[in-house]
Amino acid sequence: MSTPLDRIRNFSIIAHIDHGKSTLADRLIQTTGGLTEREMSAQVLDNMDIEKERGITIKAQTVRLNYTAKDGLEYQLSLMDTPGHVDFAYEVSRSLAACEGALLVVDAAQGVEAQTLANVYQSIEHDHEIVPVINKIDLPAAEVDKVKAEIEDIIGIPADDAILTSAKSGIGIAEVLEAIVTRIPPPKGDRDAPLKAMLVDSWYDPYLGVVILVRVVEGVLKKGQQIKFMQHGTLHLVDRVACMRPKLEQLTELAAGEIGIITAQIKEVSQTAVGDTITDAKKPTAEALPGFKEVQPVVFCGLFPVDAADFEKLRDSLYKLRLNDASFSFEAESSAALGFGFRCGFLGLLHLEIIQERLTREYDLDLITTAPSVVYKIQLAHDKGEIELHNPADMPDVMQIASIEEPWIEAVIYVPDEYLGSLLKLCQDRRGIQKNLTYVGGRAQITYELPLNEVVFDFYDRLKSISRGYASFDYHQIGYREGDLVKMSIMVNAEPVDALSMIVHRGTAEARGRGMCERLKDLIPRHLFKIPVQAAIGGKVIARETIAAMRKDVTAKCYGGDATRKKKLLEKQKEGKKRMREYGSVQIPQEAFIAALRMGDEG
Amino acid sequence: MRASDLDLCRDPSPQSGEEEPLALYVHWPFCVSKCPYCDFNSHVRAEIDETAWRDALLADLAHEAELTPGRPLGSIFFGGGTPSLMAPATVAAVLGAAERHWGFASDIEITLEANPSSVEAAKFGALAKAGINRVSLGLQALDDAALRFLGRAHDVAESLAALDIAQAAFARVSLDLIYARPDQTETSWRAELDRALRFGTEHLSLYQLTIEPGTHFAALAGKGRLPTLDIDTAANLFELTRAVTAAAGIPAYEISNHARPGAESRHNLAYWRYRDYLGVGPGAHGRRGGLATVRRKKPENWLAAVARNGHGLESETPLDPATRAMEALLMGLRLGEGVDLAALSGRLGLPIDEMVDARAIDELTGHGLIVRERDRLTVREPGMLVLDGILGEIVR
Ligand SMILES: Nc1nc2c(ncn2[C@@H]2O[C@H](COP(=O)(O)OP(=O)(O)OP(=O)(O)O)[C@@H](O)[C@H]2O)c(=O)[nH]1
Ligand code: SF4
Ligand SMILES: [Mg+2]
């Protein structure tokens, strides 16, 4: 009933952002008949609205395809499309753990980029067979030979048998399918052994409840089976075994080597730990699988409803979102100025932006986002121990602090030669320590150690704008280091604005403060009176700007009939004010909170 | 000074609504040509059947009269469009009917807006005879190039001749000027204003040029083809205007209106003091006993509506006290005299703190923009220039 092992191939599609993974997946699904022409849409696996709109993959997706190869035999292929953005690297690592091989897609015009490398190294660590696919060969700027050379020189894998494709126009798809069968090894696994399956992912589906993606490693997983999650020893009854094609198809079992989904009347995603081992409750396996490295949120910010009455709604919405995205965290917090809200943790700035956008759009919430911050470790004075600081507003008095440590990362950046100078300056300005600089072709690969707090705000934006989009970037955390860090407060009309306070390095504080004040001056609309904007460290003002008072705002003509029109204008004015936050008597537009943090050109 | 002049300055709050005189607005929607800055309900038509129009206006008038018995008229205003294009006989017919319906207060003010062209000036005598006792003359500028820019059909010489005739024909004359034009400087506006003051009219309406949506100027501005005056110069011109007119004894009593004490426009004060006013003719608005009345806007539609229904009403909407308070404040604070909050609160049956934001009032008082003396809330001189901003803060 199950497909024999040698007729199964499990593979991930990995690449740098936008190199065409999801489009290639489309072609593979289409060619093998998973969906009819009419059911097809571009990047069909990117099914969230936000994925479609932004044209990026956020969540990895798995599809089972049937393919009859040139040898005349039918194979069962499990394809896992993965996201390219660094914030979602954990999605890639899970998928890789469930496969035996990977299609490494490289854009023929862009060549090898930072995430190409990061993802391919992960794949190599899993001992995968890697099939290089050079995509977008239809582009006029495609340079196939140069890209082949990069794959060999930078990555260090042979590229002479790389497959040339245009996922967009369907070139090379047949070759890819053949390569999957001939080059990627079939899975191994004893089907008679007790059940041992990897819990690869889980999500909440409004119709099915909690759905679990599994890779069976040994034994067989059947409908009606009593299973045990080894981490907590919880028991569940399997009520559905299926696979995605990408439409759901019911099965009776999944045997060793196969990837599929199950449901087991589980109410909440939090009851399923990703990386856990699933076994038979009555006949358990002796040893659990090694599991995954746990993902930790690295960027934190506060989310507050613009309308205080929306607090409950925000909480419910966060719970709902978390059902499908266990990688972000939240806990209630309150602030004098912003009222009740939540401090939330994210995997990166894009992740933050996406959650924020989904809350706004899918849940119709107006939110204020405070300055993103990283987690600091504070050694308290007088041996009072260590605390973790998630929110700059909670920073203890300086007298109680012995030292502060901040997280550092190692960043690998690829950049064309001509932008190298500006890029080095950017890293230097952000307190970076250069570790390595090598040239490959016309490009430099630089390795820097950087404090994460210099990266969370807008490093990525700056990197892209400095290099006109050509630089790419990947990073991982390398631990905590002590730093000369201080809390900088921002005062608007002499009122401290909690949401804008941040921890900064003393050496860069003044420049940061000046930048913030200048930007706030442009972001806060003129009021009826002039408004001082100040940055201060411990009561000492380090930068100051003044927003001039409104000069003229009066309707020249207003007679009987105009009362109605004028009233409408006034109502609109009031509506607009709802999108502002009030500090004393000053209204700050919501957008200003994040916008103020972007460092502009001097960065 | 007549007794009624004092009343004008004191914002009388009549004890009973019945005794309060009414204001009547009559709209004449036709113009010879459309000015590029104009967003009024004005239309250019080759043929106008004036008999039909007269009859329709009389019918619309009769409808309003039926709903407001027992209240004399304190003022009538013919606006437009260009009501000076009306035949004096039509004006006389409307006034005759109005007097029969309501009766006139002894000191009734009857204003007509007029363009200062020679054709219209020739009718001023007949219009005065028909009962008009005040004209508002649309001079708009005292500079031929500016008049061309504003798309006006008359030049300065013709306007001044019309002004002479008007001053001889009517007891009260007001003139309109549009300033803060694209190339205007403080010096040139000062000279123009001084000249206007020397004409000796009792009333001046001085409007800053604004680009209204839907006008020809707006279309030009949208394409970046209309130069505009920078906001600082416009602000300076506003301040200059108020200082110069005050020194000349014809101070501002409203944002853009200036009068010798006692010579304020009684009709327009009815709007700004948020009294009841009736509006007849195409697109005319009214406030009748807590109802907002709106008439069909397009001339032909209004005419058809009158023929069908006996009146030109498009809608009658009851306004809740909060809306009325908002309207009363946004009209009333335009006046130098401000708004008596206690009186308004009594009139509308709405507590003061549901009309205005006390905290905002304190705040803006601290910045010297407004002042509250007992129950009267007044915008101070520096606040006038940012009145809309102030309204946004204090009106609930
Ligand atoms: N010209 C050309 N464009 C392609 C080709 N393949 C993909 N694209 C385009 O490249 C863009 C990115 O394609 P995706 O398939 O979304 O890329 P991805 O790698 O899945 O992106 P992420 O999931 O965000 O990492 C889209 O605009 C595609 O239409 C190709 O072969 N030729
Ligand atoms: S004359 Fe007056 S109403 Fe007619 S178009 Fe010109 S500004 Fe408008
Ligand atoms: Mg994708």
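**Exercise 1. How do the residues of the shell around ligand 1 divide into nonpolar, polar and charged?**

Before starting, keep in mind that this is a predicted model.

Step 1: find the shell. Ligand 1 is surrounded by 21 residues, and the closest include Gly20(A), Ser22(A) and Thr57(A).

Step 2: sort by class. You should get six nonpolar, ten polar and five charged residues.

Step 3: look for the main contributor. Helix H1 (residues 21-31) of chain A gives the most to this shell, with three residues.

**Exercise 2. Work out what surrounds ligand 2, then check the backbone there.**

Step 1: list the neighbours. Among them are Cys31(B), Lys34(B), Cys35(B), Cys38(B), Gly80(B) and Gly81(B).

Step 2: classify the shell. It has four nonpolar, five polar and one charged residues.

Step 3: look at the two glycines. Gly80(B) and Gly81(B) are joined by a cis peptide bond, with omega at about 20 degrees. Gly81(B) sits in the loop between strand S2 (73-80) and helix H3 (88-102) of chain B.

Step 4: do the same for chain A. There, a cis peptide bond links Arg245(A) to Pro246(A), with an omega of about -5 degrees. Pro246(A) belongs to the loop between strand S12 (240-244) and strand S13 (248-251) of chain A.

**Exercise 3. Take Asp127(A) and Asp364(A), and decide for each whether the residue is buried or exposed.**

Step 1: start from phi. Asp127(A) has a positive phi of about 65 degrees although it isn't a glycine. For Asp364(A), phi is near 55 degrees, again positive in a residue other than glycine.

Step 2: place them. Asp127(A) is in the loop between helix H4 (114-125) and strand S5 (129-135) of chain A. Asp364(A) is in the loop between helix H8 (349-362) and strand S20 (367-369) of chain A.

Step 3: count neighbours. The cut-off for exposed is 12 or fewer other C-beta atoms within 10 Å. Asp127(A) has 9 such atoms, so it is exposed. Asp364(A) has 10, so it is exposed too.

**Exercise 4. Trace the open sheet that contains S20(A) and name its edge strands.**

Step 1: write down the order. The four strands run S18-S19-S17-S20 (chain A), with antiparallel pairing.

Step 2: pick the edges. Strand S18 (329-335) and S20 of chain A each have a single partner strand, so one side of each has no neighbour in the sheet.

Step 3: add the twist. From one strand to the next, the twist averages 30 degrees.

Step 4: zoom in on a pair. Strand S17 (residues 299-305) of chain A and S20(A) are joined by three bridges, and Leu303(A) has Thr369(A) as its bridge partner in S20(A).

Step 5: bring in the helix. H8(A) lies across S17, strand S19 (339-346) and S20 of chain A, at about 165 degrees to S20(A).

**Exercise 5. Describe the contact between the chains, then the nonpolar cores.**

Step 1: count each side. Chain B puts in 38 residues and chain A puts in 22.

Step 2: find the top contributor on the chain B side. That's H17(B), with seven residues.

Step 3: classify the chain B side. There are 23 nonpolar, nine polar and six charged residues.

Step 4: turn to the cores. The largest nonpolar core has 162 residues, and Leu104(A), Val214(A), Leu221(A) and Ile413(A) touch the most other members. A second, separate core of 111 residues includes Cys35(B), Leu85(B), Ala235(B) and Leu335(B).

Methods
Residues are numbered from 1 along each chain as its sequence is written. Chains are lettered from A and ligands numbered from 1 in the order in which they are written. This is a predicted model: local features need pLDDT of at least 70, side-chain atom pairs count only at pLDDT 80 or more; totals for chains, interfaces and linings use all residues. Helices (H or I, at least four residues) and strands (E, at least two) are DSSP runs, numbered from the N terminus. A residue is buried if 20 or more other C-beta atoms lie within 10 Å of its own, exposed if 12 or fewer, and partly exposed in between; C-beta atoms are placed from the backbone. Two residues are in contact if their C-beta atoms, placed from the backbone, lie within 7 Å. Ala, Val, Leu, Ile, Met, Phe, Trp, Tyr, Cys and Pro count as nonpolar, Asp, Glu, Lys and Arg as charged, and the others, Gly among them, as polar. A residue is near a molecule or strand if its C-beta atom, placed from the backbone, lies within 6 Å of it. A nonpolar core is a set of buried Ala, Val, Leu, Ile, Met, Phe, Trp, Tyr and Cys residues joined through C-beta atoms within 7 Å. Two strands pair if DSSP finds at least two bridges between them. Axes are lines fitted to C-alpha atoms, for helices over the stretch in contact, and angles run from 0 to 180 degrees between N-to-C directions.
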